[in-house]
Each structure stands twice: as structure tokens, then as C-alpha cells.
Amino acid sequence: MQTNPTYSSLVAVGDSFTEGMSDLLPDGSYRGWADLLAGRMAARTPGFRYANLAVRGKLIGQIVEEQVDVAAAMNADVITLVGGLNDTLRPKCDMGLVRGLLEEAVEKLAPACRQLVLMRSPGRQGPVLERFRPRMEELFVCVEELAERHGAVVVDLYGAASLSDPRMWDVDRLHLTAEGHRRVAEAVWQGLGYDPEDTEWRTPMPATVPPGWITRRVTDARFARQHLLPWIGRRLTGRSSGDGLPAKRPELLPYEGPAA
């Protein structure tokens with residue numbers, strides 16, 4: 001891996017993780033790790049261009065159908081691809097199909113850029129992760145194999161203890177907080193060969209006194225009402241939180257915004 005490389009463009013492909021939920025800005029939009037990374041890269045390279053094709057809720061088949069060819073045609077220096085995790089969280093999941101679609105995506109994207117970046121996605125502690133851990137780890141094995149075959153960088157977020165801390169996750173328990181996204185941006189930054197700006201991104205947050213039993217139960221009830229039940233409802237009816245939503249930044253244009 002080249003040290004402190006010069007990249008002139010970045011295209012991000014994926015779902016809500018790459019869209020930036022739940023790193024909410026005052027205007028109601030989402031920032032997220034990809035925007036933060038683009039800001040850093042733009043600070044080093046005048047005229048740096050950035051596109052983010054990610055849309056929340058997308059399955060790997062939708063990412064391949066709607067985003068991959070578009071991203072490949074942009075011929076960016078760097079393409080990031082994170083997908084398949086939404087599939088593993090479905091009650092029924094054909095992992096053979098997921099692996100095949102991920103392979104199709106990598107085979108199209110790797111030749112279309114100087115550096116393809118894949119990830120082992122983070123997972124928060126709790127029963128949801130434990131239930132779906134075998135599928136997730138099967139997906140990550142596929143990611144590693146594809147990266148080795150196609151010369152992609154793998155950023156290991158799954159193995160970072162700091163990102164499994166529940167405090168790094170929003171109240172919906174599915175999306176990272178602003179601090180979580182900041183650490184992911186740092187991880188990808190380093191994975192691309194840049195000098196670290198935070199050598200401690202893997203270090204867990206200092207321990208705090210856990211909330212009491214009543215507080216936990218109230219929080220669990222609020223989570224179930226506001227997030228879990230709607231999520232289950234969408235699964236049962238075949239709907240997605242991203243239905244009808246456009247890509248975040250559909251065109252590869254000069255990045256404008258503060259560097260992270």
C-alpha cells in the first residue's frame with residue numbers, strides 16, 4: 001500500500017451505513033464516515049471529486065442493480081463498497097446468492113478504479129448480533145477472499161472493540177453515532193495508506209456506570225415501539241426505509257465542505 005497517496009476522486013457504494021445514518025446534521029441530512037473521508041481527501045487534493053450512491057435499506061441485489069454499474073462508469077480513483085449486511089438480517093437469507101452478488105459487484109468495480117475498499121462491518125454487542133453472527137461472519141469470509149483475489153483493501157471494523165460498544169450506536173441500535181462514523185472514517189483513511197490522525201480509534205471508550213434496571217427496561221420499551229416494531233413491519237410487508245429515495249450524491253462532482 002502506497003503511503004500518503006494522492007487520490008483525486010472517491011465514489012461510495014452501499015446502504016444506510018455508507019449514507020451516514022445516524023450522523024444527523026442540523027439541517028436534517030446525514031453526514032457519515034464517507035463524507036468525513038471525502039473532506040479529508042479533498043483537503044489534500046485540489047479539485048477532489050466525490051459521489052455517494054448509497055441509499056438506506058438496500059439489499060446487495062439492489063446495490064448491484066442500481067449502483068454498481070453507475071459507480072464503475074465514473075472511473076474514480078477510490079471506490080468503497082459495503083453491502084450484504086441488510087441481507088443477513090432478514091429472516092430468510094440465501095447466503096449463496098449474497099456471495100454471488102457481492103462477487104459480481106467486486107468483479108465490476110475493482111477494474112474500474114485505482115483502489116477498491118471493502119469492509120468487515122462493525123457489529124454492536126447484544127442479542128441481535130449473536131443471532132445473526134454466523135451469517136455476518138460468512139459474509140466477511142467472502143469479503144476477505146474477494147479482496148485477496150482482486151487487490152482490494154479490507155478495513156476491519158468488525159474486529160475493533162471500540163465499535164462494538166453500545167454507546168457507539170444510535171437509539172435505533174442499527175446505525176452508528178457521529179463518534180462511530182468518525183472512527184470509521186479514520187479506519188478507512190489509514191487503510192488507504194494515509195498517516196494516522198487518530199492512532200487510538202480502536203481503543204474502547206472509558207468505562208462508565210451502566211444504567212439501572214428500570215432505565216434499561218424503559219429504554220428497551222421505547223426502542224421496541226419506535227424502531228423494532230416498524231422495522232419488523234417493513235420486513236413482513238416487503239418494504240424498505242429507502243423506497244423511493246434518491247442516491248445521496250448521485251454525481252461525481254467537486255467536494256465542497258469542511259475537511260474532517
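In the next few minutes I will go through an internal cavity, one helix, a group of aromatic rings and a single methionine. Please keep in mind throughout that this is a predicted model.

Let me begin with the cavity. Rolling a probe the size of a water molecule over the atoms shows where empty space is left. Here the count comes to one cavity of 30 Å³ or more, and the space inside the largest cavity is about 60 Å³. Its lining is made up of Leu-81, Val-82, Gly-83, Leu-85, Leu-102, Leu-118, Met-119, Ser-121, Leu-139, Phe-140 and Val-143. Strand 3 (78-82), strand 4 (115-120) and helix 6 (127-150) are the elements that each give two or more residues to that lining, and the largest share, three residues, comes from helix 6. In terms of chemistry, nine of the lining residues are nonpolar and two are polar, while no charged residue takes part.

I turn now to helix 2, which covers residues 33-44. With twelve residues at 1.5 Å a residue, helix 2 should span 16 Å, and its end C-alpha atoms are 17 Å apart, so the expected and modelled values agree. Helix 2 is mostly covered, with ten of its twelve residues buried; among them are Trp-33, Asp-35, Arg-40 and Met-41. And what do the buried residues of helix 2 pack against? Their partners are strand 1 (9-14), helix 1 (16-19), strand 2 (49-52), strand 3, strand 4 and helix 7 (178-191).

Next, the aromatic residues, where the count comes to five aromatic pairs. One of these is formed by Trp-189 and Tyr-194, which are stacked, with 3.9 Å from centre to centre and 15° between the planes. Both partners lie under the 20% cut-off for burial: Trp-189 counts as buried because its relative accessibility is 1%, and Tyr-194 counts as buried because its relative accessibility is 4%. Ring pairs also bring in Tyr-7, which is linked with Trp-189 and Tyr-194 into a cluster.

Finally, I would like to look at Met-95, which is found in helix 5 (residues 95-109). Is Met-95 buried or exposed? Met-95 has a relative accessible area of 8%, and therefore it is buried. If we leave aside neighbours within four places in sequence, Met-95 is in contact with Thr-88, Arg-135, Glu-138 and Leu-139. Of these partners, Arg-135 is 40 residues away from Met-95 along the chain, yet their C-alpha atoms are separated by 7.4 Å. Leu-139, another partner of Met-95, is also one of the residues that line the largest cavity.

Note on methods. Residues are numbered from 1 along each chain as its sequence is written. This is a predicted model: local features need pLDDT of at least 70, side-chain atom pairs count only at pLDDT 80 or more; totals for chains, interfaces and linings use all residues. Side-chain values use heavy atoms; hydrogens and water are left out. On a 1 Å grid over the protein atoms alone, a cavity is a set of points where a 1.4 Å probe fits but cannot get out, and a pocket is an open set with protein on both sides within 12 Å along at least five of seven lines; lining residues have an atom within 4 Å of a point. Grid points are joined across faces, edges and corners, and a volume is the space filled by probe spheres set on the points. Helices (H or I, at least four residues) and strands (E, at least two) are DSSP runs, numbered from the N terminus. Ala, Val, Leu, Ile, Met, Phe, Trp, Tyr, Cys and Pro count as nonpolar, Asp, Glu, Lys and Arg as charged, and the others, Gly among them, as polar. The expected span of a helix is 1.5 Å times one less than its number of residues. Buried means under 20% relative accessible area, exposed over 50%, partly exposed in between (1.4 Å probe, protein chains only). Contact means heavy atoms within 4.5 Å. Rings of Phe, Tyr and Trp (its six-membered ring) pair if their centres lie within 6.5 Å; planes under 30 degrees apart count as stacked, over 60 as edge-to-face and the rest as tilted.
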